[in-house]
Amino acid sequence: MRAHFARLAPEVDFCSLRLFSERQQQTSSRQGVLQPFSTNLERGVMLTVIHQGGYGYAATSDLSEAGIAAAYARARHWAQRSSGRCVTDYSKIQFPQVRGEYRSPDHGRTPLAAKELIALLQAETTAAQVDERIVDSIASMWTVHTDTLFLSNQGSDVRQSFSMVMPTMSVTANDGADTQSRSFGGGGSFYQGDWGAFYDSNFVGSGARLAAEALELLAAPNCPTGQMDLLLMPSQMLLQIHESIGHPLELDRILGDERNYAGTSFVTPDMFGTYQYGSDLLNVSFDPTRREELAAYGWDDDGAPAQKVFLIENGLLQRPLGGLISQQRAGLPGAASARACSWNRPALDRMSNLNVEPGASSMQAMIAQVERGILMDTNVSWSIDDSRNKFQFGCEYGRLIENGELKGVVKNPNYRGISATFWRNLKAVGDASTFQVMGTPFCGKAEPSQVIRCGHAAPACLFAQVEVFGGQE
């Protein structure tokens with residue numbers, strides 16, 4: 001591919017080639033029965049050309065010299081056609097010259113053989129069938145391996161290799177009109193690296209535990225309604241960060257690019273450096289260097305070197321999620337956040353690892369300061385308006401907190417709020433003992449659609465006076 005690029009790169013101001021190759025495999029068991037295997041393979045290149053201020057790109061899965069030459073011709077054609085007609089002068093973007101290699105963490109742990117993995121998944125779903133009210137149980141393992149190569153006519157040469165393990169499990173119980181489910185991390189227990197992350201994830205034994213909790217929820221009262229303190233566990237913080245911090249801070253969305261498809265943002269460019277996004281306890285980092293998270297990398301898909309930066313520091317909004325192109329358009333500092341989901345999609349402003357930094361409070365200390373409140377664990381539903389401001393989220397599992405003590409289980413716990421004020425009510429941030437790495441493989445955006453993987457790590461966090469309600473409302 002390097003030889004093709006050297007021979008075919010056109011005489012233009014800037015051009016790049018991004019090779020993308022990925023293999024996905026999924027193995028599942030449902031109620032002890034092995035499900036059909038799923039395997040997905042894809043491979044292709046994206047060619048980008050900037051010339052005389054214009055911008056063009058083209059993709060192809062034909063990796064022959066003729067195929068790549070044809071794609072380059074299309075990219076150059078569009079760069080010529082768009083010159084002088086774009087929302088920004090692309091010739092002013094300073095693409096870095098970078099060289100290097102990135103690989104996912106390798107702890108030397110041996111993958112389970114297919115036979116062993118099947119037996120494990122079947123054992124977990126079988127172990128969940130402890131009661132006739134358990135009506136469904138499903139466990140799966142999704143593994144992904146991705147290789148990319150980024151070359152530019154300015155001398156960049158970056159090779160990256162990513163491995164991910166993504167175990168999931170859910171158990172559903174039913175009694176009459178009531179159905180309750182518990183899942184392993186709510187579909188957020190995903191990691192980058194070899195199988196060491198899976199072995200350390202406490203997945204083994206989850207079938208029986210989740211079944212017991214689903215039955216416990218069937219017998220529990222509904223979550224009460226009212227204004228009260230809310231203690232969110234990392235498996236719900238994942239969604240709270242993603243929807244009410246991540247999406248609102250995407251710079252291309254702020255500039256209006258997503259308005260006709262997936263909405264805009266309540267954040268405006270003049271807020272950066274002045275807007276109090278949360279309480280003084282809120283510190284949010286964009287950190288693609290945290291290698292165990294799903295979206296760790298060495299360079300983004302425009303070749304910008306990955307580095308940890310703070311988007312929100314002591315509650316103050318500092319910078320958006322914007323790659324090199326959006327930074328040029330907005331005149332704002334951003335992050336190495338230009339990412340594409342595959343070979344046939346251009347890079348956009350995306351979340352990578354977007355984390356809430358741990359604070360100083362233990363779990364016991366946070367519970368002790370609550371007179372009346374709810375602990376909520378594991379997201380189950382979400383709704384947020386098209387400016388990512390007003391939201392309503394539901395969780396699988398709740399616990400009452402009364403007079404500084406953890407009390408009984410409640411079902412159907414929900415809460416609602418407004419992003420612009422919710423984070424200002426953050427009254428305690430859990431310490432490192434409450435911190436957990438999670439992520440989602442399903443962050444959607446753009447036309448044509450791109451679904452990408454994001455990491456979200458957070459401690460448990462306590463919020464004051466949140467509107468809480470149960471399933472009867």
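The legends below describe an overall view and three close-ups of a predicted model. In this model, local features need pLDDT of at least 70 and side-chain atom pairs count only at pLDDT 80 or more, while totals for chains, interfaces and linings use all residues. Residues are numbered from 1 along each chain as its sequence is written, and side-chain values use heavy atoms, with hydrogens and water left out.

**View 1. The whole chain, with 10 helices and 24 strands.** Helices (H or I, at least four residues) and strands (E, at least two) are DSSP runs, numbered from the N terminus. The radius of gyration, taken over C-alpha atoms, is 24 Å, close to the 23 Å that the globule rule (2.2 Å times the number of residues to the power 0.38) gives for 473 residues, so the chain is as compact as a globular protein of that length. Its C-alpha trace spans about 70 × 55 × 40 Å along the principal axes. Of the 473 residues, 58% are buried, a term that means under 20% relative accessible area (1.4 Å probe, protein chains only).

**View 2. Surroundings of Arg-182 in strand 8 (residues 178-183).** Arg-182 is buried, its relative accessible area being 4%. Its side chain makes polar contacts with the side chains of Thr-378, at 3.1 Å, and Glu-396, at 2.9 Å; a polar contact is a pair of N or O atoms within 3.5 Å, where, within protein, one must be able to donate a hydrogen and the other to accept it, and residues adjacent in sequence count only if both atoms are side-chain atoms. Beyond its neighbours within four places in sequence, Arg-182 is in contact (heavy atoms within 4.5 Å) with residues including Met-169, Leu-210, Glu-213, Asp-377 and Tyr-397.

**View 3. An open antiparallel sheet of 4 strands in the order 13-12-11-16.** Strand 13 (316-317) and strand 16 (354-356) are the edge strands, each pairing on one side only; two strands pair if DSSP finds at least two bridges between them. Strand 11 (residues 284-286) and strand 12 (residues 309-313) are joined by 3 bridges, and Val-309 in strand 12 is the bridge partner of Phe-286.

**View 4. Cysteines in a model with 0 disulfides.** A disulfide is a pair of cysteine sulfur atoms within 2.5 Å. The sulfur of Cys-395 has its closest cysteine sulfur in Cys-223, 9.4 Å away and therefore too far for a bond, and Cys-395 is buried at 3% relative accessible area. For Cys-443, the closest cysteine sulfur is that of Cys-454, at 4.0 Å, which is also too far for a bond; Cys-443 is buried, with 0% relative accessibility.

Note on methods: Buried means under 20% relative accessible area, exposed over 50%, partly exposed in between (1.4 Å probe, protein chains only).
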